Amino acid sequence: MKIGGFLKQSFIDFPKTISAVIFTSGCNFNCWYCHNPQLINGNCTYETTIAEIYDFLKSRKNFLEGVVISGGEPTLQPNLKEVIINIKNLGYKIKLDTNGSNPEILQDLLNENLLDYVAMDIKNSLKNYNKTTKTKKSFEKEIKQSIKIIMESDVDYEFRTTFAPEITLNDINAMALLIKEAKLFYLQKYEIPSSLANISQEQIEQKQFVQTQSTNNISAFTLLNSQTPPDFTNPKSAKINLYSKYNQTALLPHSRTTYNTAIEIMKKYVINANIRGF
Ligand code: SF4
């Protein structure tokens, strides 16, 4: 297993369970707001090996109750099942965080009773999925299948969506229909990516930064040094690529009112829906 990070103790990542968190390296999505972008290409490695994690877990059996396997995307790891079996044999519960792109693997793990909780991201409405994930391949079939597998399983689960700026209330409605009658949904607070953390809200509103590399990842944007704001009305200017791509306001979070409206839409279709992160 390619490990990109390890958290020895968490009270928030696994409901009602004190857990450790393994972050796997590598993801088949490229969500532009990803807060672990260093994990996407799979080249990020961490000094701790899986053998050392097993030893750590053995030593914490009186304190920890579960292990979260998160990403990146854990289902891309060829030995995921073996690792889960080893951790379960140590007496731990397992929560899997997944983007839902590998339903066969998910089904196999559930069939073998290897999972105690599954959290699956719903990135956007199916028709606009790629706006968020920035993938060329459509994962529509896989996403639908994973949702069905999870909802038909006996394990506890949640679906969750980061309310990124490009997601509209129409998208929320379509997503609600996609997971109709699900037990639990969280609308998660969108945070401006840390790569832009040094850019103030005011600068974002004034669009005082430009795309400096040819990539979809938001980390390629930097502040303008110029005292003079660029001409954002000039469509020929290379500097407006970002804004045409993200509708000029894409970095700005939705208002709290829009969050409330979105969750009311969700509540019409799913059993339990909450906002998370405020
Ligand atoms: S699925 Fe998760 S880890 Fe992968 S790019 Fe999206 S936010 Fe990042």
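How many helices and strands are there in the chain? The model, which is predicted, has nine helices and ten strands. Of the 278 residues of the chain, 32% count as buried. Long-range pairing was also examined. Among contacts between residues at least 6 apart in sequence, 71% join residues at least 24 apart.

The largest nonpolar core has 55 residues. Within this core, I22, V67, I94, V118, I179 and M266 touch the most other members. The contacts of I22 were then listed, not counting residues up to four places away in sequence. On that basis, I22 touches I3, F6, I53, V67, I69 and S70. V67 thus appears both among the core residues with the most member contacts and among the contacts of I22.

The ligand is surrounded by C27, F29, N30, C31, C34, N36, L39, I40, G71, G72, E73 and N99. By residue class, this shell divides into six nonpolar, five polar and one charged.

S101 lies in the loop between β4 (93-98) and α3 (103-111). Is this loop residue buried or exposed? S101 is buried, because 23 other C-beta atoms lie within 10 Å, and the cut-off for burial is 20 or more. Leaving aside neighbours within four places in sequence, S101 is in contact with N28, E73, F139 and E142. One of these contacts, E73, is also one of the residues around the ligand. S101 and I143 are 42 residues apart in sequence. In space, the C-alpha atoms of S101 and I143 are 6.0 Å apart.

Technical notes:
Residues are numbered from 1 along each chain as its sequence is written. This is a predicted model: local features need pLDDT of at least 70, side-chain atom pairs count only at pLDDT 80 or more; totals for chains, interfaces and linings use all residues. A residue is near a molecule or strand if its C-beta atom, placed from the backbone, lies within 6 Å of it. Ala, Val, Leu, Ile, Met, Phe, Trp, Tyr, Cys and Pro count as nonpolar, Asp, Glu, Lys and Arg as charged, and the others, Gly among them, as polar. Helices (H or I, at least four residues) and strands (E, at least two) are DSSP runs, numbered from the N terminus. A residue is buried if 20 or more other C-beta atoms lie within 10 Å of its own, exposed if 12 or fewer, and partly exposed in between; C-beta atoms are placed from the backbone. Two residues are in contact if their C-beta atoms, placed from the backbone, lie within 7 Å. A nonpolar core is a set of buried Ala, Val, Leu, Ile, Met, Phe, Trp, Tyr and Cys residues joined through C-beta atoms within 7 Å.
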